[in-house]
Amino acid sequence: MTNTSTLARGGGRASTPGPRRANRPARAGGLPAWSIPYVLLIPGLLVIGALLLWPLIQMVIISFQKVGLVQISGKKPATWVGLENFTKVFENDIFWSSLRNTVVFAVIAVPLTLILGTAVGILLHRLGKKMSLFVIIGIMFAWAVPPVAQGVIWRWLFDAERGIINWALNLLPDWLSNALFGRADWTGQPWLNDAWSIYMVLIICVVWAGFPFIAVSVLAGLKGIPAELYEAAKVDGSGPWRTFRKITFPLLKPVFAVLTVLSIIWDFKVFAQLYVLAGTTNREAYNLSMYAVTEAFKAPPKMGSGAAIAVVLTVILLIVTAAYIRQMFKQEEL
Amino acid sequence: MSPLARRRLGKVALNAAGVLVFLGAIFPVYFMVSTGFKANDQIFTTEFIPFPTHFTFEHITRVLTDGVAGHSIWLYMRNSAIVSLGTVLIGAVFALLSATAVARFRFKGRTPFLALLLVAQMIPSEALLIPLFLGVKRLGLYDQLLGLIVTQVALTLPFGIWMLRTFVAAVPKSLEEAAWIDGASRFTTFWKVLFPLVAPGLVATSIFSFITAWNELIMALYLINDPTKYTMPVALQYFFGQKGTDWGAIMASSTMMTIPVVVFFLLVQRRMVSGLVAGAVKG
């Protein structure tokens with residue numbers, strides 16, 4: 001079959017014998033040349049369309065519906081409830097505390113991760129080759145730990161009875177501990193009961209696991225800046241902070257932009273670490289991810305309200321994404 | 001202070017900072033590993049024990065034999081491996097086809113497709129979970145590892161294409177043209193010329209997908225109910241018991257779960273960075 005089509009198509013063109021390149025489309029296995037990229041894209045588009053975009057549309061639809069146990073089992077069709085899911089969710093205090101937790105967490109964790117990561121990136125750039133590699137391998141371990149295991153580790157370090165954080169705080173001289181925190185005895189301090197201290201632990205956990213990526217990316221960016229620029233700055237008597245502001249930052253601005261957006265996106269939907277640190281019973285400590293999921297899958301399930309919360313989270317993320325996509329398109333000749 | 005002495009002091013300070021960063025990053029990981037090898041009397045104490053003096057394989061053997069929720073940890077490792085490898089195999093083929101399309105051809109709809117990839121990476125899995133749960137249920141894939149594989153392919157594919165695209169673009173087009181001129185078909189050209197050159201990129205992309213699928217919690221948590229189908233991240237939750245946590249066992253299991261990721265990370269660290277900030281980082 002391939003043969004006949006090749007012949008037919010080849011025959012039409014061969015009547016004007018030209019350079020061999022003109023024959024190329026004839027060997028495309030019977031497909032016109034213009035269609036090849038589209039054929040290659042079909043599997044990818046199918047997956048993205050059916051498993052990402054279609055569910056996304058479905059989620060918006062479900063957010064206007066009542067989907068409980070009977071609807072899930074298929075005994076009853078989903079009923080339209082208009083904005084009811086949204087109004088109910090917005091009336092719930094848990095939604096507002098989840099939104100606050102999500103935003104406050106990101107507002108603190110993102111800059112901390114970026115600052116620490118950038119500082120370590122600059123440090124790596126200035127260290128000798130061997131020392132730099134040594135530190136990179138060390139931070140790679142923190143980066144590589146799976147999110148669930150990260151949660152496990154920090155839950156253990158902050159454990160009320162056996163955690164080494166309480167042990168270390170007890171080591172402080174009593175006067176110092178009193179002056180700093182107003183208490184000397186930390187034995188049994190339950191860090192993972194209150195929302196605020198849970199989020200403090202979560203921030204430490206996420207910054208610890210997140211800064212290595214920033215550091216290694218900044219290092220990669222720094223390697224691309226010509227050393228002469230720094231030498232010239234040194235000759236002109238520029239201090240380290242001024243050099244950073246006048247040379248490093250402007251040149252690495254695109255890198256920082258992408259890293260900032262990626263960090264915001266990751267921190268807005270942090271789930272696994274929070275799930276391990278706080279569990280699902282402490283509603284005060286929910287963020288939007290956790291609230292959406294638990295609302296949808298609790299007993300009895302409320303998929304409609306869960307979807308409404310997920311819609312809010314997605315809208316926030318898509319606003320951030322818009323900035324990210326613009327940045328990517330500016331940077332690259334796509 | 002002479003300039004030389006000051007420079008030497010600066011060098012010492014830099015190296016000291018380096019060591020500090022190293023220790024800060026690695027200490028929690030070290031603590032996880034070492035707790036897995038400590039005897040219980042060294043775990044359940046208010047003392048700080050920097051390294052296990054009562055060294056034991058007790059926890060490792062316990063999770064391998066008794067395990068958690070009545071099954072050996074091997075079962076969960078195997079489930080995780082099946083899901084991750086399945087995701088990689090399907091994802092790699094799809095990603096390579098799409099990446100070739102966007103890196104090798106200029107066509108109508110190319111830019112929207114690239115924008116779509118970026119948007120797709122941002123969609124939170126929490127948003128997809130509810131409709132995917134309903135869909136997977138309807139298709140009879142609930143409680144099946146295959147259902148999980150399908151969702152993981154979707155979650156990892158956009159970034160896989162995005163990352164692989166730069167590797168395909170890096171292969172000089174002239175090589176393919178030479179093969180065409182020599183009379184190779186498009187398929188032969190792809191298979192014999194492009195594929196071997198893109199293979200390292202394919203490995204890097206695959207490892208990225210593997211790690212993502214290996215670590216994934218939300219989908220595995222809600223699309224699987226049968227304990228024999230749990231993946232590692234889900235199984236780990238069950239060490240946090242009502243009567244107190246078996247820290248030795250959970251640390252041993254977490255360590256086992258972390259080892260493959262660390263190994264892969266060390267292999268493709270640089271490629272992952274360049275993939276994630278593709279275009280923004282030059283050089």
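The largest pocket is lined by 22 residues, and those nearest its centre are Arg126(A), Tyr230(A), Lys234(A), Pro240(A) and Thr243(A). A pocket here, on a 1 Å grid over the protein atoms alone, is an open set of points with protein on both sides within 12 Å along at least five of seven lines, and lining residues have an atom within 4 Å of a point. This is a predicted model, where local features need pLDDT of at least 70 and side-chain atom pairs count only at pLDDT 80 or more, while totals for chains, interfaces and linings use all residues. Residues are numbered from 1 along each chain as its sequence is written, chains are lettered from A in the order in which they are written, and side-chain values use heavy atoms, with hydrogens and water left out.

Back to that pocket. Its volume is about 940 Å³, where a volume is the space filled by probe spheres set on the grid points, joined across faces, edges and corners. Both chains chip in: helix H5 (93-126), helix H11 (227-235) and helix H12 (240-268) of chain A, plus helix H1 (3-36) of chain B, each supply at least two lining residues. Helices are DSSP runs (H or I, at least four residues), numbered from the N terminus. Sorted by class, the lining has 10 nonpolar, 6 polar and 6 charged residues. In that sorting, Ala, Val, Leu, Ile, Met, Phe, Trp, Tyr, Cys and Pro are nonpolar, Asp, Glu, Lys and Arg are charged, and the others, Gly among them, are polar.

The second largest pocket holds about 770 Å³ of space. Its lining counts 28 residues, with Tyr275(A), Thr280(A), Leu221(B), Tyr222(B) and Tyr238(B) the closest to its centre. Two or more residues each come from helix H3 (69-73), helix H13 (272-278) and helix H14 (288-297) of chain A, and from helix H6 (125-138) and helix H10 (218-223) of chain B. The class split is 17 nonpolar, 8 polar and 3 charged.

Now for the enclosed space. A cavity is a set of points where a 1.4 Å probe fits but cannot get out, and the count comes to 4 cavities of 30 Å³ or more. The largest cavity has a volume of about 1,400 Å³. It is lined by 46 residues, and Pro147(A), Trp266(A), Lys269(A), Phe208(B) and Thr212(B) are the closest to its centre. That lining breaks down into 32 nonpolar, 10 polar and 4 charged residues. The second largest cavity has about 70 Å³ of space, and its lining includes Val88(B), Gly91(B), Thr156(B) and Ser209(B). Helix H4 (73-104), helix H7 (145-170) and helix H9 (186-215) of chain B each give two or more residues to this lining, which has 5 nonpolar, 6 polar and no charged residues.

How do the chains meet? In all, 96 residues of chain A are in contact (heavy atoms within 4.5 Å) with 100 residues of chain B. Together they bury about 9,100 Å², 80% of it on carbon and sulfur atoms; buried area is the accessible area (1.4 Å probe) that two parts lose on being put together, summed over both. Helix H2 (residues 36-62) of chain A gives the most to the side of chain A that touches chain B, with 18 residues. By class, that side has 74 nonpolar, 11 polar and 11 charged residues.

Two bits of backbone geometry round things off. Most residues other than glycine have a negative phi, and most peptide bonds are trans. The peptide bond from Ala299(A) to Pro300(A) is cis, with omega near -5 degrees, and Pro300(A) lies in the loop between H14 and helix H15 (303-331) of chain A. Asp143(B) has a positive phi, near 70 degrees, and sits in the loop between H6 and H7 of chain B.
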